[in-house]
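Please open the model in a viewer and keep the sequence panel visible. The tour below proceeds by selection, from the whole chain to individual side chains.

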Amino acid sequence: MRLRTLTLAAASGAALLAAGLLPAHASAAAPKSAQEGTVGAADLLAKVTSCSQISSGKYRTDEETSATVPVCGKNGAVFWKADMDIDCDGQRTTNCNEDRDPWFQADTAFHQSDGKPLNAETLPYVVVPSTSTIWNYSNAGIKGGGVVAVIYGGKVEYAVVGDTGPSKIIGEASYATAKALGIDPDPETGGADSGVTYILFKNSKVSPIESHSAAVTLGDQLAKQFLADN
């Protein structure tokens, strides 16, 4: 839930999950592979080559850039193509804290099943813009814990909707998301300038939100359905 005031430097470079399927204490181990599930990046990208804009306006990718990114609608999902800024908000960890991240905040918009903020270093999550006249994510069927397919460099990483950001800026994900996709996860100097596609599946919800394995299970099913419906 940060408000970035600096442009990030160029970079080099998570069956519908039934409630109770995983215990509330399921761990959120950091993903080891960025090719998750059975649906390939190329197949997903082939379904988002054109945009039917559902947002009232467009978003900036950083404070200093022009507003060029629309939110687009598809059957069962919304998507956008942007950059990736690194969100390290939530629990304090070795790589996510005030010393490593000038914009660090010790909370996230959505919380773990135990009430604690999310852990950006271990949990792949995506940031959605706060509600504004441009777009209201909840009205589009997007909710905290919803599944997101994040695609970059030919890889697919499943994440959850875990935080909200500035109302006019788009393109941000957690330290763990970036690391899994081979993007520099440094919260101050890392990220990707472009080439990141975010596909958010409507009316989905991982339970518990902190279980990455649950996000992959649900995400794989929703990705297959997305291909069939579009």
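**The whole chain**

Begin with the entire chain: 55% of its 230 residues count as buried, where buried means under 20% relative accessible area, exposed over 50%, and partly exposed in between (1.4 Å probe, protein chains only). This is a predicted model, in which local features need pLDDT of at least 70 and side-chain atom pairs count only at pLDDT 80 or more, while totals for chains, interfaces and linings use all residues. Residues are numbered from 1 along each chain as its sequence is written, and side-chain values use heavy atoms, with hydrogens and water left out.

Switch to a surface representation. The chain exposes about 9,300 Å², of which carbon and sulfur atoms supply 50%; the area comes from the Shrake-Rupley method with a 1.4 Å probe.

Next, colour by pLDDT, the predictor's confidence in each residue, from 0 to 100. The mean for the chain is 89, and 85% of the residues reach 70 or more. Select residues 1-33, where pLDDT stays under 50 and the model has 103 contacts beyond four places in sequence; a contact means heavy atoms within 4.5 Å.

**Secondary structure**

Return to a cartoon view, which should display 3 helices and 7 strands. These are DSSP runs numbered from the N terminus: helices are H or I with at least four residues, strands E with at least two. Traced from the N terminus, the order is α-β-β-β-β-β-β-α-β-α.

**The nonpolar core**

In soluble globular proteins, nonpolar side chains tend to be buried together. Here the largest nonpolar core has 61 residues, and those touching the most other members are Trp80, Met84, Trp135, Tyr198, Ile199 and Phe201. Such a core is a set of buried Ala, Val, Leu, Ile, Met, Phe, Trp, Tyr and Cys residues joined through side-chain atoms within 4.5 Å. Elements that each supply at least two residues of this core include helix 1 (41-45), strand 4 (147-152), strand 5 (155-165) and helix 2 (175-180).

Select Met84, which lies in strand 2. Met84 is buried, with a relative accessible area of 0%. Beyond four places in sequence, the contacts of Met84 include Val150, Ala178, Leu181, Ile183 and Tyr198. A distance label between the C-alpha atoms of Met84 and Asp184 should read 10.0 Å, although the two residues are 100 apart along the chain.

**Aromatic pairs**

The whole structure contains 3 aromatic pairs. Rings of Phe, Tyr and Trp (its six-membered ring) pair if their centres lie within 6.5 Å; planes under 30 degrees apart count as stacked, over 60 as edge-to-face and the rest as tilted.

Select Trp80 and Tyr198, a tilted pair at 5.9 Å centre to centre with 35 degrees between the planes. Trp80 belongs to strand 2 (residues 77-87) and Tyr198 to strand 7 (residues 192-201), so the pair ties together parts that are 118 residues apart in sequence. Both Trp80 and Tyr198 are buried.

Move to Phe201 and Phe226, whose rings are edge-to-face at 6.0 Å centre to centre and 75 degrees between the planes. This pair links strand 7 with helix 3 (residues 212-229), across 25 residues. Phe201 and Phe226 are also buried.

Finally, add Trp135 to the selection: ring pairs link Trp80, Trp135 and Tyr198 into a cluster.

**A buried polar side chain**

Which side chain makes a polar contact with the side chain of Glu121? Select Asn95, in the loop between strand 2 and strand 3 (125-129). The side chains of Asn95 and Glu121 form that contact at 2.9 Å. A polar contact is a pair of N or O atoms within 3.5 Å; within protein, one must be able to donate a hydrogen and the other to accept it, and residues adjacent in sequence count only if both atoms are side-chain atoms. Asn95 counts as buried because its relative accessibility is 16%. Leaving aside neighbours within four places in sequence, Asn95 also contacts Cys88, Arg100, Tyr175 and Pro187.
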